[in-house]
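Colleague: I would like to learn how to read a structure like a modeller does. Could you take me through a few features, one at a time?

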Amino acid sequence: MGINAPPALKALIVQGAAAAMVLALLPGAAFFWGSVVPPLAAAFAIGLAAAVAGALWRLPPWWLPIQLFFAPALLGMLSMQLSPAWFLGALALLLVIYGGVFHGRVPLYLSSRQVKRAVAEWLPDGPFRLIDLGCGLGGMLAYLAGARPQGNYLGVEAALLPYGLSRLRRGLSRGRWAVAWGSFWRRDVGSFDVIYAYLSPVPMPRLARKLRAEMQPSALFISNTFPLPGIEPAAIVELQDIHHSVLYVYRYANIIGRPSSIPATVETRHVENC
Ligand SMILES: C[S@@+](CC[C@H](N)C(=O)[O-])C[C@H]1O[C@@H](n2cnc3c(N)ncnc32)[C@H](O)[C@@H]1O
């Protein structure tokens with residue numbers, strides 16, 4: 001099946017189709033067996049059909065158990081007769097926290113303290129401007145603004161709750177940092193000396209194109225965990241934090257495909273967790 005769609009949309013289509021197919025077959029199955037099909041069996045039949053169709057449509061593997069157990073779990077929840085307000089509330093909460101996931105397939109997880117320290121070491125000595133693409137709760141910015149106060153920091157965040165919390169944090173902390181709401185795809189990164197991102201593998205090819213078009217020749221791009229595909233970094237910093245984070249550090253020369261005058265270095269930091 002070659003139609004390209006975001007996994008969440010594929011999962012929804014597959015569930016809907018599986019439910020329609022199984023519900024249409026229920027009367028025939030009841031006739032064949034001589035009794036009504038138990039709702040739980042029907043729910044598992046929907047799950048099985050959805051998981052098989054999801055696998056055929058090349059849904060990422062972690063979606064398959066979700067597909068399999070979605071209908072039985074829904075049936076279980078319905079049998080608890082919870083008020084629909086609970087479901088609406090849970091959906092609203094997920095949307096404000098993880099709103100960015102549906103659009104850009106980048107969830108919220110936070111840079112460790114070791115990553116913040118390692119990023120601080122890459123910052124220029126004089127005044128500079130740094131942008132955090134998808135700043136989450138603003139932790140990286142708050143830390144850097146304290147550790148390297150000669151910098152001017154901006155975070156851009158698309159998900160509402162993280163944005164609101166980072167604004168609150170901004171109000172309670174010191175230093176030259178600010179947060180803007182919206183998508184970083186609409187921001188020109190050309191006026192920044194350092195660009196930091198902790199995203200996911202999905203946006204990295206598009207981000208490489210954006211950096212190639214906008215990044216200034218003296219700027220540095222630092223990506224936590226997710227490298228730019230097909231681009232050799234100037235340095236790789238492996239940290240011994242809880243996530244085993246790796247920083248990929250790129251200069252403009254790397255991004256535009258010119259061999260960097262500085263050979264790629266791999267550095268491993270053994271930093272105590274804190
Ligand atoms: C993995 S978190 C990183 C948070 C923070 N930068 C840090 O290092 O702790 C990624 C964040 O990027 C946000 N995000 C994803 N796509 C975005 C976009 N196009 N524009 C702005 N924020 C985005 C997500 O909502 C999420 O909060």
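Modeller: Happy to; we will go through salt bridges, the ligand site and the surface. Please keep in mind that this is a predicted model.

Colleague: Let's begin with charges. How many salt bridges are there?

Modeller: The general idea is that side chains of opposite charge can pair when their charged atoms come close. Here the count comes to 2 salt bridges. In one of them, the side chains of Asp125 and Arg148 meet with an N to O distance of 4.0 Å. Asp125 sits in the loop between α5 and β1, and Arg148 in the loop between α6 and β2, so this pair ties together parts that are 23 residues apart in sequence.

Colleague: Is Asp125 buried or exposed? And what about Arg148?

Modeller: Asp125 is exposed, because its relative accessible area is 72%. Arg148 has a relative accessible area of 16% and is therefore buried, since the cut-off for buried is under 20%.

Colleague: Which side chains meet in the salt bridge with an N to O distance of 3.1 Å?

Modeller: Those are Glu214 and Lys210. Both lie in helix α8, 4 residues apart, which is about one turn of the helix. Glu214 is partly exposed at 24% relative accessibility, while Lys210 is buried at 7%.

Colleague: Now the ligand. Which residues come nearest to the ligand?

Modeller: Of the 20 residues around the ligand, the nearest are Ser111, Gly134, Glu157, Phe184 and Tyr198. By class, this shell has 13 nonpolar, 5 polar and 2 charged residues.

Colleague: Where should I look for polar atoms close to ligand nitrogen?

Modeller: Try Gly134, where a polar backbone atom is 2.7 Å from a nitrogen atom of the ligand. Asp132 has a polar side-chain atom 3.1 Å from a ligand nitrogen, and a polar backbone atom of Ala158 is 3.2 Å from a nitrogen atom of the ligand. The protein covers 97% of the 600 Å² of accessible area that the ligand has on its own.

Colleague: And the surface? Which residues form a nonpolar patch there?

Modeller: Met77, Met80, Leu82, Trp86 and Phe87 do, with about 520 Å² of accessible area together. Met77 belongs to helix α3, residues 63-79, and counts as partly exposed because its relative accessibility is 32%.

Colleague: One last stop: where is Val36 found?

Modeller: Val36 is in the loop between α1 and α2. Its relative accessibility is 72%, so Val36 counts as exposed. Val36 and Leu26 are 10 residues apart in sequence, with 8.1 Å between their C-alpha atoms.

Note on methods
Residues numbered from 1 in each chain as written. Predicted model: local features only at pLDDT ≥ 70, side-chain atom pairs only at ≥ 80, totals over all residues. Heavy atoms only, no water. Patch = residues over 30% accessible without salt bridge, like charges linked within 9 Å, V, L, I, M, F, W, Y side chains within 5 Å. Areas by Shrake-Rupley, 256 points an atom, 1.4 Å probe, with all protein chains shown as cover. Helix = DSSP H or I, 4+ residues; strand = E, 2+ residues; numbered from the N terminus. Buried < 20%, exposed > 50% of the residue type's maximum accessible area, 1.4 Å probe, protein only. Near = heavy atom within 4 Å. Polar contact = N/O pair within 3.5 Å; in protein donor to acceptor, adjacent residues only side chain to side chain. Nonpolar A, V, L, I, M, F, W, Y, C, P; charged D, E, K, R; others polar.
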